[in-house]
Amino acid sequence: MLSRLLKEHHAKQNKRKEHQERRRREAIAAATCLTEALVDHLNVGVARAYVNQRKLDHEVKTLQVQASQFSKQTAQWISMVEGFNQALKEIGDVENWARSIEMDMRTIATALEYVQKGQLTSASS
């Protein structure tokens, strides 16, 4: 009888050990699945962040190139406007010079008319 009780006790202990081992394996498998799911979830976020960062880097480079081109174009426009302003000043200077010449010519013409009238008057007397 004692031997039978001992055998039953060992059998029950073996069943409990097997049951505990099975539960331990299930727990490990569940923990592994959970860990993999968490890591996969984090990896998706990290991958998305990496892709977004690469897109941002590309956009920054594109923006830098466009800003540089815009700066060069703006410098060209400023140069053209300054050239235009200088040309306008020169036209204004030429216009003033032409008016000055015109006034001098009128003065000379008036003087010549006066001299001519004076000669005509002295020739008729």
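How many residues apart are Glu21 and Arg25 in helix α1? In this predicted model, the two are separated by 4 residues, which amounts to about one helical turn. Their side chains meet in a salt bridge, with an N to O distance of 3.9 Å. That value lies inside the cut-off, because a salt bridge is counted when a side-chain nitrogen of Lys or Arg is within 4 Å of a carboxyl oxygen of Asp or Glu. Both partners are partly exposed: Glu21 has a relative accessibility of 31%, and Arg25 has one of 48%. The pair also belongs to a wider arrangement, as Glu21, Arg24 and Arg25 are linked in a network of salt bridges.

A search of the whole structure returns 5 salt bridges. Side chains of opposite charge can pair when their charged atoms come close. Another such contact joins Glu8 to Arg4, and here the closest N and O atoms are 3.2 Å apart. Glu8 and Arg4 sit 4 residues apart in helix α1, so about one helical turn separates them. With a relative accessible area of 36%, Glu8 is partly exposed; Arg4, at 47%, is likewise partly exposed.

Further along the chain, Arg106 and Glu102 provide one more example. Their side chains form a salt bridge with an N to O distance of 2.8 Å. Once again the spacing is 4 residues, about one turn, with both residues in helix α1. Is Arg106 buried or exposed? Its relative accessible area is 55%, and Arg106 is therefore classed as exposed, given that the exposed class begins over 50%. Its partner Glu102, at 40% relative accessibility, counts as partly exposed.

The surface has a nonpolar feature as well. Which residues form the nonpolar patch on the surface? The patch consists of Val94, Trp97, Ile101, Met105, Ile108 and Leu112. Together these side chains account for about 630 Å² of accessible area. One of them, Met105, is located in helix α1, the element that spans residues 2-124. In sequence, Met105 is followed by Arg106, which takes part in the salt bridge with Glu102 described above.

Taken together, the three pairs described here can be read side by side. The N to O distance is 3.2 Å for Glu8 and Arg4, 3.9 Å for Glu21 and Arg25, and 2.8 Å for Arg106 and Glu102.

Methods. Residues numbered from 1 in each chain as written. Predicted model: local features only at pLDDT ≥ 70, side-chain atom pairs only at ≥ 80, totals over all residues. Heavy atoms only, no water. Patch = residues over 30% accessible without salt bridge, like charges linked within 9 Å, V, L, I, M, F, W, Y side chains within 5 Å. Areas by Shrake-Rupley, 256 points an atom, 1.4 Å probe, with all protein chains shown as cover. Buried < 20%, exposed > 50% of the residue type's maximum accessible area, 1.4 Å probe, protein only.
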